[in-house]
Amino acid sequence: MAEFTIYCARRVITMNPGLPFAEAVAVKGDRILGVGDLAELQTWGDHTVDESFRHHVITPGFVEAHSHAMTGGMWNFTYLGYFDRRDPDGVLWAGCKTMAEVVARLRESESAMTDPSEPLIGWGLDPIYLKGERLVGHHLDAVSETRPIFIQHASGHLATVNTALLAQEEITESNPTPGIQLGGDGRPNGELQEPAAMSLAITAQRRFRADLSTEASKWNFAFEARNTGHTLITDLGGTPMTDSGVGAWKSVTSSPGFPARVMVAGSFFATPMDPDALAQMVVDLRDNPANDKLKFGIIKLLLDGSIQGFTARISWPYYHNPPEGNAENGIWVMPPETMVDALEAFHRAGLTVHCHCNGDQAAEVFISAVEEVLERHPRWDHRHTVQHCQLTTQSQYARMAALGMHANIFSNHIFYWGDEHAAFTVGPERAARMDACATAERLGVPFSFHSDAPITPLGHLHVMWCAVNRRTASDAVLGPDECISVETAMKAATIDAARQLKLDHELGSIQAGKYADFAILDANPLVVDPTELKHIGVWGTVVGGEKFQAGTSR
Amino acid sequence: MSSDRIAVTIIGGYLGAGKTTLLNHLLAAADERVAILVNDFGELNIDASLIDTTAGNTIALPNGCICCSLVDGLGAAMSDIDELDPRPERLVIEASGVADPAGVAAFTHRRGYRLDLVVVMVDGEQFAENAADEYVGETVRGQLAAADLVVVNKTDLMDDAADSRLDELLDRLAPAVPTVRAVNAVIDPAVLLDLTTPAVAPQADHLHDHGVPFETWSYEGGVVDLSRVRAMAEALPRAVVRAKGIVATPQGAQLFQRVGPRWSLTEQVTLGSVPSVTCLVVIGLPGAITENWLEDQLENSH
Ligand SMILES: [Zn+2]
């Protein structure tokens, strides 16, 4: 019986600078035995040669260091987005380009439902792309006049509901909740703006929440990872640090055939608890792994809101062209003066802290806290990371480099909201230096980039395309001087993301001793036209030596 | 059924203003079933013995922007509380030190709930400095916007100059909101809980235990013109914290309620005879209104 397998490929891109390219990789069990040409690898002994990737390019499996497991749960509901999107089973859902297509897809879902009281839930609707009349409640009444219908928009900040839902939840024009939009007749038209108004849809919201945290949604999250070439994904802060929250992850990752590794962040906001107790819990989980697919060791903190929601904390001159009545600046999710104490507990426990800082003022608070905590408790190689890091300035990157910090940059924003950032949120100059991968590289801050799925779709080829080309949805180039090379983008998507998560000793590049975790691509990202990066096909992945083909069911 | 709705009290204010201390006072005074939501990080500092005696429930509230959590934490917690058995009569939400109480209050107009009181704690010693801070100033100032009652705490640590500076600041930021002063967050709990009719007049023997004494006024009369009631509601001075009662009008009975600067009139369904008795009770700072003020407003021609 063969002791190991040699995979031959059109090209193996190792991301190991000592041996960047090869033609084959040998895998024994779940580990890489060696990289090289076929003759070299055959010297290890009894083997089989696997030719199935002969026409593919093998790269290290992509590492997504900022995503959320609820990504997988969204597919329990009807997809209504404008862009084509592939579900975890690999089915391509064509984008809904017109209101008629939205209604038709909902009708189809409705007709498949048996319990008449169950709410019909849709997601991903983006009305700015739909031409003509704005979709409101009475359009949804054409789908059903009796079943409550709840449609969450792509932004996450709006919902449209039908008349049956308004009646069920007693949402009337006399309800003072801000955000209940009224129609020409003075009655609620079905559009609910912002979380307070959206939460009036009590039954639908409850159903939505429940389905986002099931084990099935975790499997779907991993299937999406497989479909997009990721072998390590992160659940950055959605999991409550409770026995059942952690237990669900242990259960799915221990099941045979789970197609991804998962780094679960200890969440300081999903479960309020004493920082020292949380730190100890995460240290124990890190040091006593349930299996090789489940990783711990990082803490997620949240400081501010989002730029497109005008809730990120940014420096003067603040927002460029905010909606009328908007506050001057954004919100704090954590009191800035509590940052040092919180950070100190996790820092002293030897954990890496990943702090959500969209705005530069939030980044300033976090960087200053790292500086203060390092003065009190010097510690090498902490890798504390500014997450999102969207408006971080040159001087802040220089301080981050000096302090040993990492950046995880939200490059997908350039495509999805870049036009809005230039026109409304921060104005053209600051928009041009947003998500400044080139500045991070120039100033020596190790960085990765991310999708923040489900905020934008999981997929490092798309994120790479954004960081390399910086093209917005309207095809404008936003800040060409912040474009990075494809080589740098490949590092950010693999080895540098692994390093940020302190997993680079076991994954992130293809070299002997590491997990046999690969992305199997149809084309070589280093060779294709860089504007085509996002169109590279993905055969699937190999995780721990096991093949997982994209678009197949469990 | 408005009487079946869970009354919501929101305690807001920046870090260190005394929110948890006030919460504990409120729990000690409440004879209702109280559920508690704490929207803050780190330890819960609630006195556990109080929670037992009120048969209440403490739920720590997950925090986070919907952009990152997509999950409606406050709404979810309120849904869970609504299904508790026995169902609480009151929900007290201690907002995080950086939360906007208006944003929290926005969640309370849902099935099963009604907003009762938004009390915002102000750290008498720190407020002026915090309100001018580049990082948290807008947050701290904004917290006052939704207040029905401002409690200036730690007044023992303020000198007269600081006191009058703070007064100016509060006059500017919360011009219509009743403001009381406190040490150790001690205020008479009568204003934190609903008024019932007839009045729950603060008992003489507990007045001295509870910091600033409040005064209550009541009115009993006959049928009153609706426009008179509206004019009275608008004219109630800032120092009035709460007012409540049934007003008999030619159009039928109306429930009148005022909490801080907010007031409402709600039509009451009455069976049988046309209502003929008006009955009001008002609680506020001493001398907020004169003894005959209600009578003047509702009966005498101007
Ligand atoms: Zn996120």
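Two strands count as paired here if DSSP finds at least two bridges between them. With that in mind, here are some notes on this predicted model, point by point.

1. **An open sheet in chain A.** Six strands of chain A line up in the order β7-β10-β11-β12-β14-β13, forming an open sheet with mixed pairing. At its edges stand β7 (78-79) and β13 (180-182) of chain A, each with a single partner strand, so one side of each has no neighbour in the sheet.

2. **How the β7 edge is held.** Which strand pairs with β7(A), and in what sense? The partner is β10 of chain A, residues 120-125, and the two run parallel over two bridges. If you would like a pair of residues to look for on screen, take A:Y79, whose bridge partner in β10(A) is A:W123.

3. **Chain B in outline.** Chain B has eleven helices and twelve strands. Buried residues make up 54% of its 302 residues. Taking contacts in chain B between residues at least 6 apart in sequence, 74% of them join residues at least 24 apart. The accessible surface of chain B is about 12,600 Å², and carbon and sulfur atoms account for 49% of that area.

4. **An enclosed strand in chain B.** Please have a look at β4 of chain B, which spans residues 90-94. Is this strand enclosed or open to the outside? Five of the five residues of β4(B) are buried, so the strand is largely enclosed by the rest of the structure. The side chains go two ways: B:R90, B:V92 and B:E94 point to one side of β4(B), while B:L91 and B:I93 point to the other. Note that the buried residues of this strand include B:R90 and B:E94, both of a kind that counts as charged.

5. **The neighbours of β4(B).** Strand β1 of chain B, residues 6-12, runs parallel to β4(B) and is joined to it by five bridges. Strand β2 of chain B, residues 34-38, is also parallel to β4(B), again with five bridges. A handy reference residue is B:L91: B:V8 stands opposite it, and so does B:A35.

6. **Cavities.** There are four cavities of 30 Å³ or more, and the largest holds about 70 Å³ of space. Its lining is made up of B:G13, B:Y14, B:L15, B:A17, B:V120, B:M121, B:V122, B:D123, B:F127, B:N130, B:V140 and B:Q143. Two elements of chain B, β5 (113-123) and α6 (127-131), each give two or more residues to this lining. The largest share, four residues, is from β5(B). By character, the lining residues are eight nonpolar, three polar and one charged.

7. **Two cis peptide bonds.** One is in chain A, between A:W316 and A:P317, with omega about 10 degrees. A:P317 sits in the loop that connects β19 (298-302) and α11 (339-348) of chain A. Another cis bond runs from B:D85 to B:P86, where omega is near 0 degrees. The loop holding B:P86 lies between α4 (73-82) and β4 (90-94) of chain B, and β4(B) is the enclosed strand of point 4.

8. **Positive phi outside glycine.** A:H388 is not a glycine, yet its phi is positive, near 80 degrees. A:H388 belongs to strand β21 of chain A, residues 385-388, and is buried at a relative accessible area of 1%. A:R470 also has a positive phi, about 50 degrees, without being a glycine. In this case the residue is in a loop, between α17 (460-469) and α18 (486-493) of chain A. Is A:R470 buried or exposed? At 0% relative accessibility, A:R470 counts as buried, the cut-off being under 20%.

9. **A buried threonine after β21(A).** A:T392 lies in the loop between β21 and α13 (394-403) of chain A. With a relative accessibility of 2%, A:T392 counts as buried. Which residues does it touch, leaving aside neighbours within four places in sequence? A:T392 is in contact with A:D360, A:A363, A:V386, A:Y397, A:M400 and A:R433. One of these, A:V386, falls within the residues of strand β21(A), 385-388.

Note on methods
Residues numbered from 1 in each chain as written. Chains lettered and ligands numbered in written order. Heavy atoms only, no water. Buried < 20%, exposed > 50% of the residue type's maximum accessible area, 1.4 Å probe, protein only. Contact = heavy atoms within 4.5 Å. Areas by Shrake-Rupley, 256 points an atom, 1.4 Å probe, with all protein chains shown as cover. 1 Å grid on protein atoms, 1.4 Å probe; cavity = no way out; pocket = protein on both sides within 12 Å on 5 of 7 lines; lining within 4 Å. Points joined across faces, edges and corners; volume = space filled by probe spheres on them.
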